[in-house]
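Work through the exercises below with the structure open. Try each task before reading its solution.

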Amino acid sequence: MRLRSLTLVAASGAALLAAGALPAHAFDPTPGDPSGSTAGAPPASVQEGTVSAADLLAKVTSCSQISNGKYRTDEETSATVPVCGKNGAVFWKADMDIDCDGQRTADCNEDRDPWYQDDTAFHQSDGKPLKAESLPYVVVPGSSGVWDYSGAGITGGGVVAVVYNGRVEYAVVGDTGPAAIIGEASYATANALGIDPDPATGGVDSGVTYILFKNSKVSPIESHSAAVSLGDQLARQFLQNN
């Protein structure tokens with residue numbers, strides 16, 4: 001994750017419009033398709049596992065703040081997002097910026113992403129960086145006086161339920177970002193939730209809930225099916241314990 005300037009993002013969007021049209025890879029929901037999926041891509045899943053978005057959200061309506069302060073969602077916004085504690089989990093409600101770091105792919109590279117970095121904080125079982133284009137993962141703020149994710153039972157490969165617009169996507173903790181900014185996930189996470197995954201112009205400004213299950217770990221970290229299986233189990237426990 002990297003510091004993103006709202007001014008730069010806006011300028012990038014203006015430049016694309018000035019060119020006459022968005023590039024062919026830009027998010028383009030199929031007309032009449034309620035899934036909001038990218039044209040030519042499989043429809044975004046409505047729900048992974050057996051626990052509904054509504055049931056998860058019903059457990060995070062109030063916040064017992066565990067962070068020592070609040071986070072910004074972008075470099076130029078004010079700090080308004082706390083990290084909240086629940087039995088067996090922590091959560092926050094924020095935006096979603098797109099992380100395209102890690103292994104170079106057709107959609108995640110220097111040409112597509114102005115902030116591209118060829119590494120992630122946590123690596124695959126073979127030692128390589130994660131692959132943002134295909135692996136759903138979430139970025140956590142770097143440890144600071146505001147909040148230390150590792151001290152809260154959160155680690156690389158930990159399971160995250162990401163909830164947006166009635167959909168649940170299970171992801172892993174895959175990267176760390178600036179210590180003062182929160183709200184970012186991989187290209188694959190956004191794509192699965194029907195959010196524009198373009199690393200330069202995509203994302204969503206609000207409405208995303210991130211529920212991180214404490215002391216959980218997917219092995220291997222790159223196995224999304226393992227994340228879904230463990231995530232579903234932990235989500236059901238979360239409903240029972242809160």
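The exercises cover a strand with its partners, then a glycine in a loop; the model is predicted.

**Exercise 1.** Find out how enclosed strand E5 is.

*Solution.* Start with the range: E5 spans residues 167-177. Next, apply the cut-off: buried means under 20% relative accessible area. Ten of the eleven residues of E5 are buried, so the strand is largely enclosed by the rest of the structure.

**Exercise 2.** Work out which way strands E3 and E4 run relative to E5.

*Solution.* Take E3 first, residues 137-141. E3 and E5 run parallel, joined by five bridges. Within this pairing, Val140 has Thr176 of E5 as its bridge partner. Now take E4, residues 159-164. Six bridges pair E4 with E5, and the sense is antiparallel. Here Val168 in E5 sits opposite Val163. Finally, look at the turn: the hairpin of E4 and E5 has two residues between the strands. Asn165 in this hairpin has a positive phi near 50 degrees.

**Exercise 3.** Locate Gly49 and decide whether this residue is buried, partly exposed or exposed.

*Solution.* Place the residue first: Gly49 is in the loop between helix H1 (6-18) and helix H2 (53-58). Its relative accessible area is 36%. Partly exposed covers the span between the buried limit of 20% and the exposed limit of 50%. Gly49 is therefore partly exposed.

**Exercise 4.** Identify what Gly49 touches, and how far Tyr170 is from Gly49.

*Solution.* Leave out residues up to four places away in sequence; Gly49 then touches Val228 and Asp232. Now turn to Tyr170. Gly49 and Tyr170 are 121 residues apart in sequence. In space, their C-alpha atoms are 8.6 Å apart.

How values were computed. Residues numbered from 1 in each chain as written. Predicted model: local features only at pLDDT ≥ 70, side-chain atom pairs only at ≥ 80, totals over all residues. Heavy atoms only, no water. Buried < 20%, exposed > 50% of the residue type's maximum accessible area, 1.4 Å probe, protein only. Helix = DSSP H or I, 4+ residues; strand = E, 2+ residues; numbered from the N terminus. Pairing = 2+ DSSP bridges. Contact = heavy atoms within 4.5 Å.
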